[in-house]
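Let's take a walk through this one together, starting with its rings and then moving on to its strands. Have a look at the fold below before reading on.

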Amino acid sequence: MDPDQADVDAWFAAAGDRAGELRRVDALVQAAAPGIDRQLVPVGSGRMLGYGLMPYRPRSATETTTWPLIALAAQRRHLSLYVCAVVDGEHLAESRAGQLGRVSCGKSCIRFTSLDRVDTVALDQLVRDAVASTADGRNSYSS
C-alpha cells in the first residue's frame with residue numbers, strides 16, 4: 001500500500017463511528033469524478049480529504065496557492081462536503097441546495113449527518129458539473 005493511501009485509511013479510521021459514512025461519500029465522489037486526484041490537505045489544526053487540487057488565491061492573499069475543488073471533512077455533529085465551484089456567478093452547492101435532500105448548505109458547503117439524507121443522484125450530478133466546469137475553464141472560484 002502506498003504511503004498516501006495509508007494516511008487516507010488512517011484519516012478514515014480516526015473518524016471512529018463515522019468512518020463508514022465518510023467512505024460512502026468518498027466512493028460517490030470517486031465514481032462521479034473517475035481519476036480525480038485525492039489527498040489529505042491541511043486545514044486549521046486538522047486535515048480533510050481533498051479532490052482535484054486547483055489554483056486558488058484568496059482575496060486577502062498576494063500569492064496563488066492550491067485548494068481542492070471538492071473536499072470532505074468530518075465535523076463534530078455532521079459531515080461537510082465542500083464543492084468549490086462558481087459558475088455564471090453562482091456557487092453550485094448553494095444554487096442546488098433545494099435538489100440535494102435534507103441537507104444544510106452554505107455557499108460551497110453541503111452539511112449532512114448521513115448520506116441517506118442526501119439525494120445521491122443530485123449530488124453525483126453536482127460533483128460531475130463541478131469537475132466539468134473546472135476542466136473547461138468556467139469555474140470562477142479559483143480566479
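Rings of Phe, Tyr and Trp (for Trp, its six-membered ring) pair if their centres lie within 6.5 Å, and planes under 30 degrees apart count as stacked. This is a predicted model, and by that criterion the structure holds two aromatic pairs. One of them is formed by Tyr56 and Tyr141, with 5.1 Å centre to centre and 15° between the planes, so the pair lands in the stacked class. Tyr56 lies in strand β2 (residues 46-56), while Tyr141 sits in the segment after α4 (120-135), so the contact ties together parts that are 85 residues apart in sequence. How buried or exposed is Tyr141? Its relative accessibility is 18%, and since buried means under 20%, Tyr141 counts as buried.

Now for the strands, with β4 (residues 79-83) as the place to stop. Strand β3 (residues 65-74) runs antiparallel to β4, and five bridges join the two. If you trace the chain from β3 to β4, you go round a hairpin that connects them through four residues. For a concrete contact, look at Ala71, whose bridge partner in β4 is Tyr82.

β4 also pairs with strand β8 (residues 109-112), again in the antiparallel sense, over four bridges. Here Leu81 stands opposite Ile110 of β8.

What does that leave for β4 in terms of burial? Four of its five residues are buried, so β4 is largely enclosed by the rest of the structure.

Note on methods
Residues are numbered from 1 along each chain as its sequence is written. This is a predicted model: local features need pLDDT of at least 70, side-chain atom pairs count only at pLDDT 80 or more; totals for chains, interfaces and linings use all residues. Side-chain values use heavy atoms; hydrogens and water are left out. Buried means under 20% relative accessible area, exposed over 50%, partly exposed in between (1.4 Å probe, protein chains only). Two strands pair if DSSP finds at least two bridges between them. Rings of Phe, Tyr and Trp (its six-membered ring) pair if their centres lie within 6.5 Å; planes under 30 degrees apart count as stacked, over 60 as edge-to-face and the rest as tilted.
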